[in-house]
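Thanks, everyone. Let me put the structure up, and then I'll talk through it.

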Amino acid sequence: MLQQVLEGTEASSIVVIEDCVDHDGRPVFHCFCSQLAKRCESVHLFHLENPAGVFLEGANISKVHIHDGFSDPLQWEEQNRDPSADKIDLVSAPDFLGHLKRTPVKTSLVAVVIDSLTPFLQNYPGYVICRALQRLLRARLESDGIEVSQVVAGFHGDLHDDSTAAALRHMATTWVQLQEGAESPTQGGTGFHGNCEVLHRRKSGKVIRQAEVYHISPQWSLTSRVQKTPVRPVAQVEQEAQVDPTANLTFNLRLTDTEKEARSRVVLPYMHHHRKKAPNKPAANPGGQIFYQPDDVDDFDEEDPDDDLDF
Amino acid sequence: MAASTGKGGVTSFQKKSRTKTLQIPGTRPSSQGNQLLVSTGVPSLDHIIGGGIVVGTVLLVEEDSFGNYARLLMKYFMAEGIMTRHPLLLSSAELHPKQLLRDLPAPVSDDIGKAALHQEDVSSEKNVEKEATMKIAWRYQNLRTEQPELGAFSKFGHYYDLSKTMSSEMIDTAPSRLFYLPDELPLEEQGMWNSIRNPAYVKLLQSIQDVVREGQFDLTVPQPKDVSRTVLRIGLHSLGSPLWGEQDGGTSHDTSLPHFLHALRAVLRTSLTACLITIPTHLFQDMAFTRRLEKLCDSVIRLESFAGSEKEQNPAYKDYHGLLYIKQLSQANSLLSYMPDCNDFAFKLRRKKFAVEKLHLPPELQDSQQREQDDPVAALKTPSTGCFSTSGKSKLDF
C-alpha cells in the first residue's frame with residue numbers, strides 16, 4: 001500500500017507520515033520528495049526542521065520550489081522580514097495557500113511537501129493547521145490559479161498529544177505510522193528498511209489497514225510489501241483430520257448412491273402423506289390440516305360417553 | 001395511560017384528541033403524547049427510536065471513526081425531506097453541502113412503501129422455492145426465512161435505492177439553504193452572543209434563526225389560517241470537528257459547543273423544525289464533554305463501524321458492518337421516553353439499502369474452538385459474574 005500511494009496508483013490527497021524516536025521518518029520523506037518530483041509538474045517543499053539539501057539529493061531540482069522555514073523562522077534578522085522573500089515565519093498563522101500563490105508559475109498538479117507540522121502545532125492550535133490544510137486542497141485552478149493534487153506532511157508522534165493526532169488522522173486520507181526501522185548498509189550506499197502500519201481511506205469509503213515492511217534503496221526508491229501478521233493461535237489450530245467414523249470397522253456403514261436414493265424416499269411417520277389426499281379436496285394450506293389414519297384396532301365410537309351422566 | 005411499550009411499538013392507533021393537531025404532509029402524530037414525528041429516511045431506524053424524530057427536537061448521531069455511515073444517515077435525512085417537500089437547511093465544514101445534496105439516494109418508486117413491500121414479498125417467495133422442500137418440518141414450509149425488517153409495514157418513511165442518485169430536478173423542488181463554513185470565513189466577532197466564544201457557531205446559529213424566522217416556522221408568531229405549514233429539516237454535518245474550531249478534544253474547557261446546542265434547542269422548541277446533528281465524538285478526549293453534549297440533545301445514537309478495526313475479522317459479525325447503540329431517547333412533553341425492546345442493534349449497508357437490525361449472535365460457528373476461552377462468540381456474550389472467569393487462563397480452569 002505504501003508503495004502504491006508513493007507511486008500514485010492509489011490516490012490520496014493528504015498523506016501524513018508519523019514517525020517516532022525509534023524510527024526516523026526522513027528516509028521515507030525523501031523518497032516521497034523524489035517520487036513526487038518525477039510525477040508532478042511542480043513540488044513545493046516547506047522545510048522547517050532540516051535544511052533543504054537533505055531532501056533534494058538525487059531529485060530534479062528545477063521542479064522544486066523551496067519555502068524556507070529553517071534558517072530563520074521567527075524572523076530575528078532584519079533582512080528576512082522582507083515579505084517578498086520566500087520565507088515561512090511562525091509569527092503569523094500558517095497559510096500554505098498564500099505561499100503557493102506567491103510563486104510566479106501557475107500550474108495544476110502541484111504537490112506540497114511539509115517537512116514537519118510540529119513547529120506549526122507548537123505555536124497554533126490544531127484546528128488552525130487543519131483549516132490551512134483544507135484550504136490547500138480546496139484551491140481550484142480557475143479561482144486561485146493553482147490546484148494541489150497531493151499534500152505530504154510529516155508528524156512527530158512523540159511530541160503531540162492524542163487529540164492533535166486524532167484530529168489530523170480525521171483529516172488525512174493516508175496515515176503512515178512508522179514503527180521500527182534501521183539502516184541497511186549495502187554495496188552502493190546505505191539503504192533503509194523498516195516496519196510501518198498504513199491506514200488508507202479510499203474515496204469510495206473503504207478503509208484499508210495493513211502492516212507493511214518497506215525497503216529503501218540507496219537511490220531513494222521505496223518498495224513495500226504487506227507483512228503477514230502472525231496468525232492468531234485460534235485460527236492456526238490445524239484442521240484436525242476429520243475422523244471418519246465409518247472407517248476401520250468390521251462391518252460396512254457406508255451407503256452407495258442407490259442406497260442413499262432409497263433412503264431419501266423412505267416415508268417417515270409424520271411426513272405429509274401426498275398419496276392419501278383425495279384428489280378433489282381443495283388445496284388447503286399444509287399448516288393446519290390434521291390427517292388421521294385409524295388403525296385396525298381403533299374403535300371409533302360415535303356415541304358421546306357424557307350422555308350417560310345423570311345428575 | 002401507560003406508554004405503548006411492548007414488542008412492535010409502532011401502532012396505527014390514533015388518539016381522538018380534542019386539540020387540533022397540525023396536519024402536515026410527511027409527518028404523523030406519535031403514539032406517545034401529542035407530538036408530531038418526522039421520518040429519518042431509514043424506516044428501521046425510525047422504528048427503534050420510537051417512530052421518528054419528534055418535531056422540535058434534536059437527534060444526535062455520534063459518528064463512527066471514519067464518518068462514512070453518519071454521512072449516509074445525513075443523506076437519507078435530506079432525501080426524505082425532499083420526498084416530503086420539507087425545506088432543508090444543511091451545514092458542513094468539510095464537504096461542500098452541494099456535494100452532499102448531489103449524492104442523495106433515489107427513491108424506489110413513487111408509491112410509498114407499497115412497491116417495496118411487494119418487492120420484498122416476491123423475493124422472499126423465490127427464496128422459499130429455491131430451498132429444498134422440507135420433509136419432516138413441512139408445517140414450516142411457507143413461513144418466511146428472512147426476518148421481517150423492523151418497521152417494514154409503516155407507510156411513513158420512504159424506501160431508497162443507494163445505487164442510484166436522486167435527480168437534480170427533484171432536489172431543486174425543495175428549497176434548501178446551505179451553510180458551508182469555509183465560505184463564511186473569515187469570522188468576525190458577533191456582538192449578540194457573548195457567551196459563545198467560537199464565532200463559527202455564532203454564525204451558524206444566526207443563519208438558523210434567520211431561516212426559521214423567514215420561512216415562518218416559528219410557532220410563537222401567529223400565522224393566518226390558510227397558510228399551509230410545513231416542517232423545516234436542519235442537518236448539521238460533522239459539527240464539532242477540528243474544522244469548526246474545536247481544539248484539544250474538549251479538554252480546553254471551551255463551552256462554545258454546549259452553548260450552541262442549548263441555544264439551538266431553544267430555537268427548535270418553539271418552531272416546526274426537526275434537526276439531525278452528527279458529531280465526531282471519537283475525537284474528544286474528555287468523556288465528560290461528550291456526556292454533556294449528549295445531555296443537551298434529545299435523542300442520541302452512536303455508530304460504531306467495523307471498518308479498519310479488529311472486529312472486522314470476527315466471524316460473529318460477518319453479516320453486519322457495524323453496531324448501533326441507542327444512548328438516549330427523547331422525552332419531549334411526556335414523562336417516559338419510548339423504550340425499545342432490545343438494545344443490541346447492528347447495521348448493514350447492502351448495495352442498495354442501509355438497514356438497522358437486531359444483532360443476532362449465531363449460536364455456534366462451524367469452527368468453534370475446543371476451549372471456550374478462544375471461542376469468539378462466547379467472548380462476545382456479556383461476561384458473567386460466575387464463580388470462574390471465562391476469559392483468561394487461570395491455573396484453576398479445567
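I'll take the interface, then one helix pair.

This is a predicted model: local features need pLDDT of at least 70, side-chain atom pairs count only at pLDDT 80 or more, and totals for chains, interfaces and linings use all residues. Residues are numbered from 1 along each chain as its sequence is written, chains are lettered from A and ligands numbered from 1 in the order written, and side-chain values use heavy atoms, without hydrogens or water.

So, what does the contact take from each chain? Chain B gives 35 residues and chain A gives 28, with contact meaning heavy atoms within 4.5 Å. About 2,700 Å² is buried between them, 56% of that from carbon and sulfur atoms. Buried area here is the accessible area (1.4 Å probe) that two parts lose on being put together, summed over both. On the chain B side, Phe66(B), Trp138(B) and Leu243(B) lose the most area to chain A, together 24% of what that side buries.

Now the charges. The count between the chains is 1 salt bridge, that is, a side-chain nitrogen of Lys or Arg within 4 Å of a carboxyl oxygen of Asp or Glu. Arg138(A) meets Asp183(B), N to O at 3.6 Å.

Next, the helices, which are DSSP runs (H or I, at least four residues), numbered from the N terminus. In chain B, α8 (residues 256–269) packs against α9 (residues 287–295) at about 5 degrees, axes 9 Å apart. Axes are lines fitted to C-alpha atoms over the stretch in contact, and angles run from 0 to 180 degrees between N-to-C directions. That makes α8(B) roughly parallel to α9(B), the word for angles under 35 degrees. Among the residues that meet are Leu261(B) in α8(B) and Phe289(B) in α9(B).

Methods:
Helix = DSSP H or I, 4+ residues; strand = E, 2+ residues; numbered from the N terminus. Parallel < 35°, antiparallel > 145°, perpendicular 65-115°, else oblique.
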